[in-house]
Amino acid sequence: MPVSLAVCAAAVLVVMVLLVTVVAWIVLHRADRADFPAVLLGLAHVISALCGLLPWGKPTPPPALPQAHLNSQETEPLAAPTVIVVREEGAASLNRREEP
């Protein structure tokens, strides 16, 4: 293996590690502490996808998102009923003006 190819491969690996580190640092500093589990899971998805770029790496399916909303007692409010207004006059009568 030529030395230049090994240096290029090492440079690509260093850039990928730096990219993941910078993105993780920015995301973790901007996220609320309560959202850390979801944020870390999202970062696991990103890192898994980046592993597919490595020649020997195989992206693995990261764990599924937690289904916390299924266990909670809070429910969404019911949707408002849809109201349809039907008029007996036709569309032609709506376009004409009535003169006083």
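In which helix is V46 found? V46 is found in helix 2, and this residue is a useful way into the structure. The model is predicted, and the positions described below are those of the predicted coordinates.

The overall plan comes first. The protein chain has four helices and zero strands. Read from the N terminus on, its elements run α-α-α-α. The chain has 100 residues, of which 10% count as buried. Its accessible surface comes to about 9,400 Å², and 66% of that surface belongs to carbon and sulfur atoms.

How far the model can be read depends on its confidence values. The average pLDDT of the protein chain is 76, and 68% of the residues score at least 70. Among the elements, helix 1 has the highest mean pLDDT, at 87, while helix 3, residues 68–71, has the lowest, at 52. Where pLDDT is low, the predicted coordinates should not be read in detail. The rest of this account turns to helix 1 and helix 2.

Helix 2 covers residues 36–51. Its 16 residues, at 1.5 Å a residue, should span 22 Å, and its end C-alpha atoms are 22 Å apart, so the expected and modelled spans agree. The buried residues of this helix are V39, L41, L43, S48 and L50. What covers them includes helix 1. V46 of helix 2 is not on that list of buried residues; V46 is partly exposed, because its relative accessible area is 42%, and a residue counts as buried only under 20%.

Three pairs of residues show where parts of the chain that are separated in sequence lie in space. V46 and V20 are 26 residues apart in sequence, and their C-alpha atoms are 8.3 Å apart. V17, found in helix 1, is paired with L50: these two are 33 residues apart in sequence and 9.8 Å apart in space, C-alpha to C-alpha. L50 is one of the buried residues of helix 2, whereas V17 is exposed, with a relative accessible area of 53%. A9, also placed in helix 1, is 46 residues from P55 in sequence and 10.0 Å from P55 in space, again C-alpha to C-alpha. A9 is partly exposed, with a relative accessible area of 35%.

Helix 1, residues 3–30, also holds L19. Which residues make the nonpolar surface patch of about 210 Å²? The patch is made by L19, V23 and V27. An α-helix has 3.6 residues a turn, so residues three or four places apart point the same way. L19 can contribute to a patch because its relative accessible area is 48%, which makes this residue partly exposed, and patch residues need over 30%.

Taken together, helix 1 is part of the cover over the buried residues of helix 2, and L19 of helix 1 helps to make a nonpolar patch on the surface.

Technical notes
Residues are numbered from 1 along each chain as its sequence is written. This is a predicted model: local features need pLDDT of at least 70, side-chain atom pairs count only at pLDDT 80 or more; totals for chains, interfaces and linings use all residues. Side-chain values use heavy atoms; hydrogens and water are left out. Patches are made of residues with over 30% relative accessible area and no salt bridge: like charges are joined within 9 Å, nonpolar side chains (Val, Leu, Ile, Met, Phe, Trp, Tyr) within 5 Å. Accessible areas come from the Shrake-Rupley method with a 1.4 Å probe; for residues, only the protein chains shown count as cover. A salt bridge is a side-chain nitrogen of Lys or Arg within 4 Å of a carboxyl oxygen of Asp or Glu. Helices (H or I, at least four residues) and strands (E, at least two) are DSSP runs, numbered from the N terminus. Buried means under 20% relative accessible area, exposed over 50%, partly exposed in between (1.4 Å probe, protein chains only). The expected span of a helix is 1.5 Å times one less than its number of residues. Contact means heavy atoms within 4.5 Å. pLDDT is the predictor's confidence in each residue, from 0 to 100.
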